[in-house]
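This briefing introduces selected features of one protein structure for a reader new to the subject. Please keep the sequence and the structure in view while reading.

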Amino acid sequence: MYATCGKPNTQNMYKAFTLLSTLIACILCSGILHAQVAISGNLIDANEQAVEFAEILLMNLDSIPLSSGLADTDGKFSVKTEPGTYLVQIRQLAQIFFFEKVDASADVNLGTITIDNTMELDELTVTARMKLVKREVDRTVYDVENSTNRTRGDAIEVLSVTPSLRVQGDQLSMIGKSNLAVMIDDKIVRLQGEELTSFLRSIASEDIASIEVITTPPARYEAEGNSGMVNIKLKRSKADSWNASVKSSHLKRTYYEPSLGGNFNISKGRFSGYASLNWRKGKRSVKQDDWAYFEESLYYAKSDMEFGSNFASFRAGVDYKLSDQWTTGGQLTQNIGKITNDQTPYSPVYSTPGNELVEYTNTVSRRDRPANFRAVNFFNSLDLDTIGTAVTINLDYFRFHADDSIGYNGVHVYTNPRVDSYIVGKNLNVQNIQNYAASLDIELPSDWANLEFGAKVSHSISKNDIGNFNSGIIPEPLENIVVSTYDFKYTEDVEAIYLSGSKKLNAKLETQLGLRLEATQTDAYTSSQEQSVKNDYLQLFPTAFLSYQINERSAANISASRRIQRPQFGHLNPNLDFPNIYSAIGGNPLLQPSYISSIDLGYNYGGWDIKAYYSHQQDAFEQLAKADTETNFILFQFENYFNVDRLGLSQNYSFEPFKWWSSNNSFDVNYSRATSFYEGTEPETEAFTASVSSYNDFRLNPDRTLLASIGCWYNFPYLDGVYSFERMSALSAGLQALLLDKNLTVALNFYDLLRMQEMESTVVFNGVDQLGIYYWDHRAVQLSVSYSFGNQDLRVRRNRSGNQEELRRAN
């Protein structure tokens, strides 16, 4: 069998690549002809220590401010401007340290400036002025380092209390959306499910500087994902020093879950490096109840599961400056672990009407899934001048290997008259995913726009050796199992080029425009059916941002984008898993990508951030519970089956009622309408929904060494495709103490205190009502202790790798 989606037009593809290449060449020439100049220098005090965060102000000869910048943590600064003569003022708070007239007809380096700075920044003053929530043109940044969330324990717990994000089981999502991409320092993590959560739990919350929620990613990022991205920014420090930290965490859900970790950072001269090692072992009790109301029978499945995980992770990176302009380096990420799942499903069948027990099955099931993930990155970064022209080259490789084995056996009983039978089954799936990627990114500032453009090529291959056996109902126990085997192979090649430009049109108006062109070729082959499904398509993904600064306290902005949602590698795998004799779960090699168009209109005033948004998703795919009314069997399988429109309004308000209390509050209300084109589903569903959250930090003493936090969120009933979900909420609280000059942190945190984070969903397929209720053991108490030592003035550069999208989609 051979199928295609969007037949390729080689001539059009060639024209598109030629046109964009010509445009890039023209822009390069224009940038050279209209280059800006830079006024740069280095600030030190009388003790030859770097002066941080001083403001460099450029004024015309009438003393009218034109542009400004800040010195970095090394005291270095560089302010770009048009050629001319300027008054340069350097100040910090209300004190002016430097004031000179400078001729900047070309780049000017003021050298090392020694300033008499006898004033030390008051830590209390700086913290009070620092905003915990910052709105940028294309993202919202949540400060973790200066909030009580820094002692939550790990990245998952920090994300669970980040406004507009939700963590449910192994799924991370944005309110009103799904399929959220996760990045670490601009590098997408291509893991999913338990592997992703285990990886994020290996990142200590103390190492996180901020969380960036990017609802409309710019053209530089891959076009994948219908919900934008979450970027976890790790802390950075000063050069020529070292530091280290150790941490232990003790989490108690139904079961006890310990973890240990540590990291080491060093920077000396032209060399810098970092390494971290973390380990976590635990188990959680999961409750899952499902009902299916067929015409004459009620099928119920009660599954009490014990999910176990034992993971160790290692990350390391080195950078070396071959010259002042050229930096080279590499990174290694390694995860080794195992997932287990022990469950004892009980599956009775009742007659309707009458509610009499007709039959039931008691099953014992065991799953073992050892997994190994490795990612390697090699990069070179070139700073071509002092105004920000830069070239970055990334070479990436990752490999994911999992050996999944599920075995089950049980007893089936017909009750009237009683007849005992047996079931036995086996499911094997050895999965190997590899990806090779190379990318080129160029940053080109000019006097009329700041430009970014580049290219990326990626090759992915997923091989699955599958074996399964399902006995069905048999009269006698079966000792010898003969497993049927077949292969599933999926290959994917993506070639992309992009162009993005930002420009400050005047003192109040700023814009950013981008185009990303992606060509994709895929081939999914199943040996058992000798079936090959091929796709070859070329798509353009534009992004646009426009912001207007109304006054010092308010601004308006608008953004629009088009994105793609590709199936995950596991979604395509046709392997079938039987949780009981009445249902199965499997992938679908016929899945096609989905496309999303969206537009956001925002307004900011003081602590208020208000946004109206609209999105349309075409050919959306999700797991569909396909009930067969003739066999009373349910197949859970991914299908492209609906289009969805969503219109909403969100508000976020951050304020400080008192000096000791910081509060961040959000509210979202939206209307969604899903139109299904899959036979057996409801043709149209629509609903209004809303969500509200509040997160609060309290400073309990003047030295800010004793802190508290309390947070809560509530989701009203909502709609996702043809699935309806009931209300859900959570309440969390925490205490932390900073001891030994704030090097020792002791934190006690409580999660889902009222046990309200239970998910309840309903769906109708072929007239069969289905209900599911799930609880993932969210209620917990956690004690964390961490200690930092060494010279805290450390800077370690972390590079952005090139094969981001493929890493996220590996499962």
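The points below concern a small set of strands and two individual residues. The structure is a predicted model. One part of it is an open sheet of 3 strands, and the two residues are Asp-645, in strand β35, and Lys-742, in a loop.

**The sheet**

- The strands of this open sheet follow the order β5-β2-β8, and their pairing is mixed.
- Strands β5 (76-81) and β8 (108-114) stand at the edges with a single partner strand each, so one side of each has no neighbour in the sheet.
- On average, neighbouring strands of the sheet are turned by 15 degrees against each other, direction ignored.
- In general, strands of a sheet pair through backbone hydrogen bonds, in either a parallel or an antiparallel sense.
- Strand β2 (residues 37-44) pairs with β5 in the antiparallel sense, over 6 bridges.
- Ala-38 stands opposite Lys-80 in β5.

**Asp-645**

- Asp-645 lies in strand β35, which covers residues 633-658.
- Asp-645 is buried but has no salt bridge. The nearest side chain of opposite charge, that of Arg-673, is 4.2 Å away, and a salt bridge is defined by a limit of 4 Å.
- The side chains of Asp-645 and His-616 are joined by a polar contact of 2.9 Å.
- Beyond its neighbours within four places in sequence, Asp-645 is in contact with residues including Tyr-614, Ser-615, Tyr-671 and Ser-672.

**Lys-742**

- Lys-742 is located in the loop between β41 (728-739) and β42 (744-751).
- The relative accessible area of Lys-742 is 32%, so this residue is partly exposed.
- Lys-742 and Arg-704 are 38 residues apart along the chain, and their C-alpha atoms are separated by 9.7 Å.

Conventions: Residues are numbered from 1 along each chain as its sequence is written. This is a predicted model: local features need pLDDT of at least 70, side-chain atom pairs count only at pLDDT 80 or more; totals for chains, interfaces and linings use all residues. Side-chain values use heavy atoms; hydrogens and water are left out. Two strands pair if DSSP finds at least two bridges between them. Helices (H or I, at least four residues) and strands (E, at least two) are DSSP runs, numbered from the N terminus. Axes are lines fitted to C-alpha atoms, for helices over the stretch in contact, and angles run from 0 to 180 degrees between N-to-C directions. Buried means under 20% relative accessible area, exposed over 50%, partly exposed in between (1.4 Å probe, protein chains only). Lys and Arg count as positive and Asp and Glu as negative; His and the chain ends are not counted. A polar contact is a pair of N or O atoms within 3.5 Å; within protein, one must be able to donate a hydrogen and the other to accept it, and residues adjacent in sequence count only if both atoms are side-chain atoms. Contact means heavy atoms within 4.5 Å.
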